[in-house]
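Please take a moment to look over the sequence and the model together before reading on. The paragraphs below go through them one part at a time.

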Amino acid sequence: IYSSESAEKDDFLANVSHEIRTPINTICGISEIILKNDVPADMKEDMLNIQSAGRNLMSVVGDILDYSELQEGEFEIQQENYYISSTIYDVINMSMAKKSEKKLELIVDCEPDMPSVLIGDEQKIRRIIMNLVNNAIEFTSEGWVCIRFGYRKEEYGIFLQ
């Protein structure tokens, strides 16, 4: 049973999430603009860390929105073309800040014949990969974390593994 109290809570979460997106987008956008300029190495590293933190926070906001949509029965999976290599690259860059605190090697193993353009909900796939990588880094104290990307051809298209 879905009570009005639950509906109010979900509305609140959705509204707060949407309000938080604007300043986060501003932070990510300004850091992106700064990174396009010729800046000293230490400033560049700081900007990358700010951008990474902003993207991680945006991911949390996305999780909150997904939760609200699930509760309201309005959860939708987008069908859009995206470059899996860009998604992987972004996840690795965002994960590097967390990894830098530990002496871990981050290994990416991607099947060489994987199609470069896939169709799916890139933002949700990015968040899933990000959560898996962050958990692996968080719970690995030394050694390495290996992220392997594969696929399987199916009747409907490509099944990302």
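A residue is called buried when its relative accessible area is under 20%, exposed when that area is over 50%, and partly exposed in between. In this predicted model, Cys28 has a relative accessible area of 13% and is therefore buried, whereas Cys110, at 33% relative accessibility, counts as partly exposed. A search of the whole structure for disulfides finds zero. Cys110 is accordingly in no disulfide, and the nearest cysteine sulfur, which belongs to Cys146, is 11 Å away.

Turn next to helix H2, which covers residues 41-72. Because each residue should add 1.5 Å, its 32 residues are expected to span 46 Å, and this agrees with the 46 Å between its end C-alpha atoms. An α-helix has 3.6 residues a turn, so residues three or four places apart point the same way. The buried residues of H2 include Met47, Gln51, Gly54, Met58, Val61, Leu65 and Ser68. Just after H2 comes Gly73, which takes a positive phi of about 75°.

The strands can be followed in a similar way. Strand S1, residues 80-83, runs antiparallel to S3 and is joined to S3 by four bridges, and Tyr83 stands opposite Val117 in S3. In a regular strand the side chains alternate between the two faces of the sheet. Along S3, residues 117-120, Leu118 and Gly120 point to one face and are buried, while Val117 and Ile119 point to the other face and are not buried.

Finally, consider the aromatic rings. The structure holds zero aromatic pairs, but the charged end of Arg152 sits over the ring of Phe159, 4.2 Å from the centre of that ring.

Conventions:
Residues numbered from 1 in each chain as written. Predicted model: local features only at pLDDT ≥ 70, side-chain atom pairs only at ≥ 80, totals over all residues. Heavy atoms only, no water. Phe/Tyr/Trp six-rings, centres within 6.5 Å; stacked < 30°, edge-to-face > 60°. Lys NZ or Arg CZ within 6 Å of the ring centre and 35° of its normal. Helix = DSSP H or I, 4+ residues; strand = E, 2+ residues; numbered from the N terminus. Expected span 1.5 Å × (residues − 1). Buried < 20%, exposed > 50% of the residue type's maximum accessible area, 1.4 Å probe, protein only. Disulfide = S-S within 2.5 Å. Pairing = 2+ DSSP bridges.
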